Amino acid sequence: MSERTSARVVVVTSGKGGVGKTTSTAAIGAALARLGDKVVVVDFDVGLRNLDLVLGAERRVVFDLINVINGVAKLPQALIRDKRLENLYLLPASQTRDKDALTEEGVGKVIAELREKFDWIVCDSPAGIERGATLAMRHADTAIIVTNPEVSSVRDSDRIIGLLDAKTEKAERGECVDKHLLITRYHPWRAARGEMLSIDDVLEILSVPLLGIIPESEEVLRASNLGSPVTINAALSAPARAYFDATRRLKGEQIAMEVPSDSRGLFTKLFGRKAA
Amino acid sequence: MKLFNLFRSGSAPIARERLQILLAHERSSRTEPDLLSILREEILAVIGRHVAFEPDKVQIKLDRGKSVTTLAVDIEIPHGSRIGGIAPQYSRLTLDSGASSMEKQVA
């Protein structure tokens with residue numbers, strides 16, 4: 001096991017829904033665990049939890065984050081250990097309770113306790129800018145802003161960046177949350193044809209350093225269907241390799257950025273779009 | 001069809017330009033107080049000193065361009081709603097920052 005330096009709290013956030021926060025949390029959490037670190041992924045989406053489903057642990061949830069905050073359960077009782085990776089744990093969100101049950105003090109206590117036990121605490125933020133989202137980012141050292149190369153997603157990411165710079169503990173101490181941009185659902189051929197914002201466009205508009213580019217892929221969908229993160233289920237696929245590279249960059253390694261390219265043949269380029 | 005699409009220029013440059021204009025505004029309004037609501041309140045207070053009007057008959061439009069922003073305030077005033085010394089001859093008052101015009105229509 002890795003030497004226990006200080007734990008890092010990472011929030012995976014976006015503002016907009018459906019851009020790939022939960023999928024990315026699961027993929028990066030699993031990648032960190034496969035690289036040997038001890039990881040917990042925490043679902044902050046109270047009432048609409050899905051991280052359990054994407055990780056294939058939906059039938060093993062007994063207690064959740066709010067039970068721990070309310071003192072109904074102890075933290076070790078609520079943590080679910082992954083069946084494939086012994087270093088990976090899930091702290092699920094509550095599916096039934098009201099999200100007002102998330103208190104700032106309660107979340108602070110849980111995060112402090114997790115810092116004692118894990119190398120990485122990866123918080124899956126709900127969409128929006130309400131309580132769940134602000135509490136998910138509240139204690140973050142690092143933020144991964146998940147963005148699709150599309151106008152509404154970029155706009156919402158900009159809003160979230162504003163919140164990260166204003167409403168987090170680090171910001172209030174006069175420090176800065178370490179921010180990284182993760183571009184997901186990238187279609188190389190659309191970008192090449194000028195139909196989709198390019199990586200450079202998004203980077204220029206948001207001015208946040210790039211953590212990785214995840215190509216749109218059926219492997220990602222397949223991984224969710226199976227309840228196994230793409231970095232476990234199809235570790236050699238293009239999206240999984242992109243997630244592993246992003247994870248290594250998150251750990252501080254210098255890895256050249258690979259922009260997914262259009263690998264289809266000329267025939268498909270001209271007459272069909274099916275291949276991806 | 002697909003061949004035709006290859007020659008059509010993409011919409012990404014338009015997306016990029018729209019975002020740049022929008023976000024420049026949204027970023028500045030995060031730190032500044034809401035200019036539009038301040039203007040609205042003060043303009044209506046000034047007009048309300050002289051004529052009576054219904055608050056829901058007020059339309060405020062803001063159009064943000066790349067270099068110029070226009071603000072249009074359109075107030076519907078019922079006839080005979082005079083307050084103080086001004087004759088009730090305005091049936092519709094339009095303030096437009098673009099042309100800085102004040103339409104005056106004789107009742």
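In chain B, Arg64(B) stands opposite Thr69(B), a residue of strand β2(B). That pair belongs to a ladder of seven bridges between strand β1 (residues 58-64) of chain B and strand β2 (residues 69-76) of chain B, and the two strands run antiparallel. Four residues separate β1(B) from β2(B), and the two strands form a hairpin. Do keep in mind, as you turn the structure around, that this is a predicted model.

Let's step back to the whole of chain B. This chain has three helices and four strands, and along the sequence they come in the pattern α-α-α-β-β-β-β. Of its 107 residues, 20% count as buried. If you take the contacts in chain B with a separation of 6 or more, residues 24 or more positions apart account for 38% of them. The accessible surface of chain B comes to about 7600 Å², and carbon and sulfur atoms hold 55% of that area.

Now for chain A, which has 14 helices and eight strands. Its radius of gyration is 18 Å, close to the 19 Å that the globule rule gives for 276 residues, so chain A is as compact as a globular protein of that length. The C-alpha trace of chain A spans about 60 × 40 × 40 Å along its principal axes. Of the 276 residues in chain A, 56% are buried. Among its contacts between residues at least 6 apart in sequence, 75% join residues at least 24 apart. The accessible surface of chain A is about 12000 Å², with 48% of it belonging to carbon and sulfur atoms. As for charge, chain A carries 38 positive and 38 negative charges, and the mean positions of the two sets are 4 Å apart.

A good way to find your path through chain A is its sheet. Eight strands make an open sheet with mixed pairing, in the order β3-β4-β2-β5-β1-β6-β7-β8. The edges are taken by β3 (80-81) and β8 (210-215) of chain A; each has a single partner strand, so one side of each is left without a neighbour in the sheet. As a reminder, strands of a sheet pair through backbone hydrogen bonds, either parallel or antiparallel.

We can now walk across the sheet. Strand β2 (residues 39-43) of chain A and strand β4 (residues 88-91) of chain A run parallel and are joined by four bridges. Here Val42(A) stands opposite Leu91(A) of β4(A). Further along comes β1 (residues 8-13) of chain A, a mostly covered strand in which five of the six residues are buried. Strand β1(A) runs parallel to strand β5 (residues 120-124) of chain A, with five bridges between them. It also runs parallel to strand β6 (residues 142-147) of chain A, this time with four bridges. Val10(A) is a handy landmark here: it stands opposite Val122(A) in β5(A) and opposite Thr142(A) in β6(A).

Continuing past β6(A), you reach β7(A), which runs parallel to β6(A) and is joined to it by six bridges. In this pairing, Ala143(A) has Lys179(A) of β7(A) as its bridge partner. Seven of the nine residues of β7(A) are buried, so this strand is largely enclosed by the rest of the structure. From β7(A), four bridges lead on to β8(A), again in the parallel sense, and Leu181(A) has Leu210(A) in β8(A) as its bridge partner.

Two residues are worth a closer look. Ile183(A) lies in strand β7 (residues 178-186) of chain A. Its relative accessible area is 0%, so Ile183(A) is buried. Beyond its neighbours within four places in sequence, Ile183(A) is in contact with several residues, including Thr147(A), Pro149(A), Ile199(A), Val202(A) and Leu210(A). Leu90(A), by contrast, is 93 residues from Ile183(A) in sequence and 24 Å from it in space, C-alpha to C-alpha.

The other residue, Ser153(A), sits in helix α7 (residues 151-164) of chain A. Ser153(A) also counts as buried, because its relative accessibility is 0%. Setting aside its neighbours within four places in sequence, Ser153(A) is in contact with Lys16(A), Val19(A), Val146(A), Thr147(A) and Asn148(A). Thr147(A) is thus a contact of Ser153(A) and of Ile183(A), which gives you a place to link the helix and the strand on your screen.

Conventions. Residues are numbered from 1 along each chain as its sequence is written. Chains are lettered from A and ligands numbered from 1 in the order in which they are written. This is a predicted model: local features need pLDDT of at least 70, side-chain atom pairs count only at pLDDT 80 or more; totals for chains, interfaces and linings use all residues. Side-chain values use heavy atoms; hydrogens and water are left out. Buried means under 20% relative accessible area, exposed over 50%, partly exposed in between (1.4 Å probe, protein chains only). Two strands pair if DSSP finds at least two bridges between them. The radius of gyration is taken over C-alpha atoms; the globule rule is 2.2 Å times the number of residues to the power 0.38. Contact means heavy atoms within 4.5 Å. Accessible areas come from the Shrake-Rupley method with a 1.4 Å probe; for residues, only the protein chains shown count as cover. Lys and Arg count as positive and Asp and Glu as negative; His and the chain ends are not counted. The place of a charge is taken as NZ of Lys, CZ of Arg, CG of Asp or CD of Glu.
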